[in-house]
Amino acid sequence: MNSRVTDVPYEAARRRAFAVISHPDAGKSTLTEAIALHAKAITEAGAVHGKAGRRAVVSDWMRMEQARGISITSAVLRFSYRGTLINLVDTPGHADFSEDTYRVVSAVDSVVMLLDAAKGLEAQTLKLFDVCRSHGLPVITFVNKWDRPGRDALDLCDELAARAGLQPMPLTWPIGQAGEFHGVLDCRDRTMVRYQRIAGGAIAAPEKRLESAEAAAQQGVAWWRACEEADLLAASGGGFDHERFLAAEASPVLFGAALLNHGVRPLLDFLVDFAPAPRPRMDATRRPRYLDAPFSAFVFKVQTGMNPAHRDQIAFARVCSGEFERGMVVTNGTTSRPFATKYAQQAFGRQRTTLDVAYPGDVIGLVNATALRVGDTLFGSGPPVRFPRLPSFAPAHFAVARPTDIGRGKQFSRAIAQLRTEGVVQVMRSQRRGQGTAPVLAAVGPMQFDVALHRMEWEFGAPMTLEHLPYTVVRRLSDPSQRSLVDTGRRSEVLVRDDGMELAVFAGQVELAVLQRLWPDLKLDHLVGGIG
Ligand code: GDP
């Protein structure tokens, strides 16, 4: 008999999959590292990134990322904390990579939204809140950089309610601010967690719990002010309500300074105690896939070149049901082809270790999975299952791609196909330009083009040039017989995406309006945020 415990619902219940999302520079990489430090997954900050010091970014495998100091790709950190297995999926912060962030968000069960104390809700943050809302994902808010001068705590909470439409529910409240930030009030039991500053924040900061009387005696006015403000919010509907958190109507709020490792443990504890464990996922026919059904997962991210020594491809899949055992043969629901999972790994920053078993909530990295694409469903025994396709965003930037060296046409085509598989850019053909000609690349943000240009040259040895097209507005053309109405001149045309969808693109709103007035029967659909 198999001696291993295979109680899938039990295993799922002790797992958490979450992502940290934020505006760039709010401190996402720093917080990720601080979390890993508290969970003792690393012993010194910098270890995740293979560098010393706190300036490193999580996925710095691309030279371009280093040059720009931004994190473009996501990495998955998996560690255990208080007996719970945590899969922390990192996301790129820059708005240009929002499509990538969207895919990650579809693979987690809750989200930590990180705010910079001095900046509050930034434009990008609001967009991300919308994405979470559209997924019905519970959001935990962490206000970071409290060791620096910033905005008023009550003010930030008001903004959360007014602009993100989420009732703030403080779990901790800061005691003092900037140089006087000494700790947080634990709103639930009225104790103080006092922190000691450690130069550089390389190790978890020593912390001490103080009872209310002791905290009041030590902190004086700052303590009473914190209590008063927290009470004020609790009185206006901000008392902790687990159901409202799970329903994505209210957001627990915590304060801290990730760089100093202050306020991070309450966040981890909350994730373990209250964040949702994996739940049955809806399949493409809107039927729940129960956790104890046979193995199923979907691919939300495909990435190459994580190991600069040899270019490999790793597909990240989120397990939705059943038990995964390395070596098992699964079926790719998109192609109906079998796929052997001999090289399953867990990724931890740059390090990877073999993963032998996985359960719902886990993220598995499938190495050399060249047949897998973003959005593919994988399943084990039993009837086939398909999860809904991940939406692709409405692109706003278009460019014709041509190989710089026409002798390298084959490498060029192969490399473009690879970038498409990874979802770096969308690839389209232009009817007007004729079949077999240079593809049109489309992106949500222009930086995706920079990544594509860079990788074509440095990774694939097939440099390309981009001829930018003037289009900014895109609609879905629902009736192919109307193609000729749009495909007229230089200000609008029809592009066919490689999934077969026909897209009508326009230089601007004016061109769209003119055509619609001319042809009132023209059937064009919005591609709001994403399409299936
Ligand atoms: P990301 O772009 O969101 O990943 O941000 P990083 O983690 O790279 O942080 C951006 C900058 O903010 C870096 O210089 C960090 O050292 C700094 N930073 C992050 N957290 C804190 C904090 O709690 N306090 C202070 N003072 N600086 C922080």
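Which residue in strand 30 does Val 494 stand opposite? It is Ala 504. Please keep in mind that this is a predicted model.

I will stay with those strands for a moment. Strand 29, residues 492-497, pairs with strand 30, residues 502-506, in the antiparallel sense, and there are five bridges between them. The two strands form a hairpin with four residues between them. In the turn sits Gly 500, whose phi is positive, about 95 degrees.

Strand 29 has another partner. Strand 25, residues 426-430, pairs with strand 29 over three bridges, also in the antiparallel sense. On that side, Arg 429 has Val 496 of strand 29 as its bridge partner.

Next, two single residues, starting with Val 363. This residue lies in strand 22, which covers residues 363-367. Is Val 363 buried or exposed? It is buried, because 25 other C-beta atoms lie within 10 Å and the cut-off for buried is 20 or more. Leaving out residues up to four places away in sequence, Val 363 touches Ala 17, Val 76, Asn 87, Val 89, Ala 107, Phe 316 and Arg 318. Pro 266 is 97 residues from Val 363 in sequence, and their C-alpha atoms are 24 Å apart.

The other residue is Tyr 290, in the loop between strand 13 (288-289) and strand 14 (296-304). Tyr 290 counts as partly exposed, because it has 15 C-beta neighbours inside 10 Å. With residues up to four places away in sequence not counted, Tyr 290 touches Pro 280 and Ser 321. Pro 9 is 281 residues away from Tyr 290 in sequence, yet the C-alpha to C-alpha distance is 9.2 Å.

Technical notes. Residues are numbered from 1 along each chain as its sequence is written. This is a predicted model: local features need pLDDT of at least 70, side-chain atom pairs count only at pLDDT 80 or more; totals for chains, interfaces and linings use all residues. A residue is buried if 20 or more other C-beta atoms lie within 10 Å of its own, exposed if 12 or fewer, and partly exposed in between; C-beta atoms are placed from the backbone. Two residues are in contact if their C-beta atoms, placed from the backbone, lie within 7 Å. Two strands pair if DSSP finds at least two bridges between them.
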